[in-house]
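Work through the exercises below with the coordinates open. Each task is followed by a solution in steps.

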Amino acid sequence: MSTTAPTVSTVAPQLQLPYNGSQVAILSQPVTLVVLNASGAPAGTTYTFEVASDVGFTTKVQTKDGVAQGVSGQTSAQLDPLAASKDYFWRARGNLNGPPGHFRPLVKFPVPAAVTPAPPHPARRDGARWR
């Protein structure tokens with residue numbers, strides 16, 4: 001009689017946020033990645049989230065592994081702050097007792113440069129308004 005847990009591959013989760021093409025303002029960081037839990041994923045399922053600076057994921061900038069499945073039907077992972085003026089790609093997969101699941105198709109999101117407001121006009125000594 002075997003006492004090892006059965007190996008189960010889970011269906012890939014559905015990527016939710018940030019959605020493809022959405023900009024993440026530098027002041028909105030840290031970014032939180034959100035997936036709908038993998039269909040039919042039992043308790044004990046964990047998730048791996050990966051963020052890369054290239055579409056081929058050869059330059060991963062962050063990986064969050066072993067993220068416990070959320071009980072509300074969604075699972076999320078908060079990233080460390082990302083550098084501005086770059087495009088990023090993210091993906092996720094479910095894992096349970098065996099070979100990891102498949103990654104979902106990736107999502108691209110840019111983090112634009114921070115906007116610096118123009119300095120205010122100095123006040124005129126004569127009380128008149130600048131035009």
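The exercises go from the overall fold to the sheets, the core and a few polar contacts.

The model is predicted, so local features need pLDDT of at least 70 and side-chain atom pairs count only at pLDDT 80 or more, while totals for chains, interfaces and linings use all residues. Residues are numbered from 1 along each chain as its sequence is written, and side-chain values use heavy atoms, with hydrogens and water left out.

**Exercise 1. Overall fold**

Task: state the secondary structure content of the protein and its burial.

Solution.
1. Helices (H or I, at least four residues) and strands (E, at least two) are DSSP runs, numbered from the N terminus. The protein has zero helices and seven strands, and its pattern along the sequence is β-β-β-β-β-β-β.
2. Buried means under 20% relative accessible area, exposed over 50%, and partly exposed in between (1.4 Å probe, protein chains only). By this criterion 34% of the 131 residues are buried.
3. A contact means heavy atoms within 4.5 Å. Among contacts with a separation of 6 or more, 61% come from residues 24 or more positions apart.

**Exercise 2. The three-stranded sheet**

Task: give the strand order of the open sheet formed by three strands, and identify its edges.

Solution.
1. Two strands pair if DSSP finds at least two bridges between them. The order is β1-β2-β5, with antiparallel pairing.
2. β1 (14-17) and β5 (74-78) each have a single partner strand, so one side of each lacks a neighbour in the sheet.
3. From one strand to the next the twist averages 30°; axes are lines fitted to C-alpha atoms, for helices over the stretch in contact, and angles run from 0 to 180 degrees between N-to-C directions.
4. β2 (residues 32-36) pairs with β5 over five bridges. Within β5, T75 is the residue opposite V35.

**Exercise 3. The four-stranded sheet**

Task: give the order of the open sheet formed by four strands and count the bridges of its pairs.

Solution.
1. The order is β4-β3-β6-β7, again with antiparallel pairing.
2. β4 and β7 stand at the edges with a single partner strand each, so one side of each has no neighbour in the sheet. Neighbouring strands are turned by 20° against each other on average, direction ignored.
3. β3 and β4 are joined by six bridges, and T46 stands opposite A68 in β4.
4. β3 and β6 are joined by seven bridges, and T48 stands opposite R93 in β6.
5. β6 and β7 are joined by five bridges; F89 has K108 in β7 as its bridge partner.
6. Six of the seven residues of β3 are buried, so this strand is largely enclosed by the rest of the structure.

**Exercise 4. The nonpolar core**

Task: which residues of the largest nonpolar core touch the most other members, and which strands each supply at least two residues?

Solution.
1. A nonpolar core is a set of buried Ala, Val, Leu, Ile, Met, Phe, Trp, Tyr and Cys residues joined through side-chain atoms within 4.5 Å.
2. The largest core holds 20 residues; V31, L33, V35, F49, L82, W90 and F109 touch the most other members.
3. At least two core residues come from each of β2, β3, β6 (86-95) and β7 (107-111).
4. Not counting residues up to four places away in sequence, V35 touches several residues, including L15, Y47, F49, T75, W90 and A92.

**Exercise 5. Polar contacts of Y47 and Q69**

Task: is Y47 buried or exposed, and which side chain joins its own in a polar contact?

Solution.
1. Y47 lies in β3 (residues 46-52) and is buried, at a relative accessible area of 0%.
2. A polar contact is a pair of N or O atoms within 3.5 Å; within protein, one must be able to donate a hydrogen and the other to accept it, and residues adjacent in sequence count only if both atoms are side-chain atoms.
3. The side chains of Y47 and Q69 are joined by such a contact of 2.7 Å. A polar atom of the Y47 side chain also lies 2.9 Å from the backbone nitrogen of A38.
4. Q69 sits in the loop between β4 (60-68) and β5 and is partly exposed, with a relative accessible area of 21%.
5. Among the residues that Q69 touches, not counting those up to four places away in sequence, are P42 and T45. The C-alpha atoms of Q69 and P42 are 9.1 Å apart, at 27 residues apart in sequence.
6. T45, in the loop between β2 and β3, is buried at 1% relative accessibility. Its side chain reaches the backbone oxygen of P42 at 2.7 Å.
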